[in-house]
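Visitor: I have this one open on my screen and would like to talk it through with someone. Could you walk me through what stands out?

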Amino acid sequence: MKIMTRRLSKFCRLSPALLLCACAAGSNYVRPSAPISLVFKEAPNAQNGWVPSQPMDLIDRGAWWSVFNDPVLDGLERKVAITNQTVAQSVAAYQQARALTAADRSQFFPTITGNGSGQASGSGGGSGGSGSTFVDSNGNVISGGGGRSTSQTRYTASVGGTWAPDVWGRVRRQVESDTGASQAAAADLANAKLSAQTQLATDYFDLRILDEQKRLYGETVAAYQKSLTVSQNRYNAGVIAKADLITAQTQLLSTQATAADIGVQRAQTEHAIAVLAGMAPDDLTITPTATPYTPAIPTPPIELPSLLLQRRPDIAAAERRAAAASASIGVQVAAYFPTFTLSGSTGFNSSTLGALFDSSSSIWSYGLSIADTLIDFGARRNRVRQARAVYEQRVAAYRQVVLTAFQGVEDQLVALRVLEGESKIRDQELASARQAEQLALNRYRAGQVDYTTVVQAQAQALTSAQSVLTLTRTRQNASVALIEALGGGWTTADLPRR
C-alpha cells in the first residue's frame, strides 16, 4: 500500500511543475471606459440656489431607510432580505453561480479513481463433456465437469488518475469568466434587495398618504353633511330653491363615493406591501397613525459622479458581465492549441488474496497523450468571433447602464429641487382656498350668494388639499428614488472576492 501511495504522490507533484510553464490564452481584462460627468448638473449648489429642506449627512449602508425615522417601515424593510421571494430567487442564482465556479476550478487538479476486483475463470471437461467453474458464496472456486479441468483466480486493486494540465490557460480563463459571472450574480442580488426595499418604501409612503386622503375626505364629508343640513333648513324655511338642496346632496354623495374608492386603494397597497415583505396579505395589518402623518423628505449627500460606478449594484453587475465575457474569449482562443493529458495508475495483481499487497504483485503505468484539432472548417474561428461579439454587447450594456444611472440621479435631483419650490406654492394655494371656502359659506348663510358659489369654493379647497398630499407623496417617492439611484449605501467593496 505504501508503494501505491508513493507513486500517486509522484504523479500529483507533476502538477505545479507544469503549471509554471503555462500561459493564459486571450487578453487580460481591462475595465471598459464609460461616459462620466465631472459634476451632477442638478446637484445642490450656489448656482441653482437650492438648499435641501431636510439634508441627510449619511446613508446607513445596512438600513438606508432609517433616515425616514419610521419604526413601522423599519420593521417591514428588515423582512425583505429574509422573506421576499424575488430576493430568494436572486440568492439561489448567486449560489448556483458560485457552485459553477467551484466546479470549474476543480479542473486544475487531477481526477483520482480507485478500482478493485476479484475474478475466477476456468476450462475443462470429460470425455466429450464440458466442465464448469464458478465461485460459491464463500469465495471458493469450484470446478465441475468430467475430465481434465483448469481454473484460476485473480485479485486486483489499483488507484489511477488523469490530469489535463492547464498549459494554455483555458481553465484559468473559464474560472475568470465564472468568477465574473458569480460576482455579477452577487451584484444582482444586492440590486434585487435594493429594488424590493425601495418599492416597499414607495408603497408604504403611498399608504400613509392614502390614510391622509381618507382623513381629509372624512373631514370633508362631515363638513358637507353640515352644509347639507344648513341647506335643508333653509329650504324648509323657503329661503332657497330645491336646486340648491339637490346640489348639496349630490356633492355629499360624490365625496362619499370617492372616499370609498380610497379605501380600495389602501387595501390593495397594503396587500402589495405584505407580498414585498414575503407575507400573505392576511398576515399584515398596518394601522393608520393616530395623528396626522408628518412625512420626512431627506436629500442624501451628492458625491462625485465617478463614485457612482462604485455605488450602484446594477453598474457593478454589468461591468462584471463584461469581465466574464472577456475571459470567455480566452477560453475559445485556447481551443486552437493542443491538449495534454497525463494518466497513470498503480496497484497490485495477485492470484491469492493474501499476497495481493506484496511488492512482487505491484503493477504500474504512466502515460502522456496529446490531442489537437487539425481541420474544423472554421468552427473555432467563429466561436472566437462569437465570444468577442458577446463581449462587445456586454461593454455596450455596461455603458448604457452607466448612462441610465446618471440620468436617474439627475432626474431625481431636479425633481426634489423643483418639487420643494412647488410645495411652498401649494401650501399657499391651500391656505387661500380654505379662506375662500369659509368666506363663501359665510356669505351663503347671510343669503348673499347661492349654493353654487359654495360648491365651487369647497371643490377648489378639496382639490388644493389633494394636490398638497399628492405632491408630498411625489416628493417622498423622489427622495426614495434618489437614494436608490445612488446605490442605497452599497459599494463594490461588498462584492465577493475571488
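**Helix packing and cores**

Guide: Let me begin with one helix pair: α3 and α5 are roughly antiparallel to each other, since their axes make an angle of about 150°, and anything over 145 degrees counts as roughly antiparallel. Please keep in mind throughout that this is a predicted model.

Visitor: How far apart are the axes of α3 and α5, then?

Guide: The axes of α3 and α5 lie 10 Å apart, and the crossing of these two helices is right-handed.

Visitor: And which residues of α3 and α5 meet there?

Guide: On the α3 side they are V72, L73, L76, E77, V80 and A81, and they meet K193, A196, Q197, L200, A201, Y204, F205 and R208 of α5.

Visitor: What about α5 and α8, at what angle do those pack?

Guide: The angle between α5 and α8 is about 165°, with 8 Å between their axes, so this pair too is roughly antiparallel. The crossing of α5 and α8 is left-handed, whereas that of α3 and α5 is right-handed.

Visitor: Let me step back a bit. How many helices and strands does the protein have?

Guide: There are 10 helices and 6 strands. The protein has 498 residues, and 40% of them are buried.

Visitor: Which residues have the most contacts inside the largest nonpolar core?

Guide: Those are W64, F68, L73, L200, F205 and I273, in a core of 38 residues. L73 and L200 were already mentioned, as they are among the residues through which α3 and α5 meet, and F205 of α5 is listed there as well.

Visitor: Which helices supply at least two residues of this core?

Guide: They are α3 (71-83), α4 (85-105), α5 (170-236), α6 (242-276), α8 (313-333) and α10 (451-485). The largest share comes from α5, which gives 12 residues to this core.

Visitor: What does the second core include?

Guide: This second core is separate from the one just described and has 26 residues, including I209, Y224, L430 and V468.

Visitor: Switching to single residues: is S227 buried or exposed?

Guide: S227, which is found in helix α5, has a relative accessibility of 6% and counts as buried, because the cut-off for buried is under 20%. Leaving aside residues up to four places away in sequence, S227 touches L441, Y451 and Q458.

Visitor: I also wanted to ask about backbone angles. Which residue in the loop between α2 and α3 should I look at?

Guide: Take N69, which sits in the loop between α2 (14-20) and α3, and which has a positive phi of about 50° although it is not a glycine. The relative accessible area of N69 is 67%, and this residue is exposed.

Visitor: Then what is the phi of F377?

Guide: F377 has a positive phi of about 55°, and this residue is not a glycine either. Its place is the loop between β6 (362-371) and α9 (379-445), and with 79% relative accessibility F377 counts as exposed.

Visitor: Last topic, the surface and the contacts overall. What does the accessible surface come to?

Guide: The accessible surface of the protein is about 26,400 Å², and 54% of that belongs to carbon and sulfur atoms. As for contacts, among those with a separation of 6 or more, 83% are between residues 24 or more positions apart.

Methods: Residues are numbered from 1 along each chain as its sequence is written. This is a predicted model: local features need pLDDT of at least 70, side-chain atom pairs count only at pLDDT 80 or more; totals for chains, interfaces and linings use all residues. Side-chain values use heavy atoms; hydrogens and water are left out. Helices (H or I, at least four residues) and strands (E, at least two) are DSSP runs, numbered from the N terminus. Buried means under 20% relative accessible area, exposed over 50%, partly exposed in between (1.4 Å probe, protein chains only). Contact means heavy atoms within 4.5 Å. Accessible areas come from the Shrake-Rupley method with a 1.4 Å probe; for residues, only the protein chains shown count as cover. A nonpolar core is a set of buried Ala, Val, Leu, Ile, Met, Phe, Trp, Tyr and Cys residues joined through side-chain atoms within 4.5 Å. Axes are lines fitted to C-alpha atoms, for helices over the stretch in contact, and angles run from 0 to 180 degrees between N-to-C directions. Angles under 35 degrees count as roughly parallel, over 145 as roughly antiparallel, 65 to 115 as roughly perpendicular and the rest as oblique. A crossing is left-handed if the near helix is turned anticlockwise from the far one by less than a right angle, and right-handed if clockwise.
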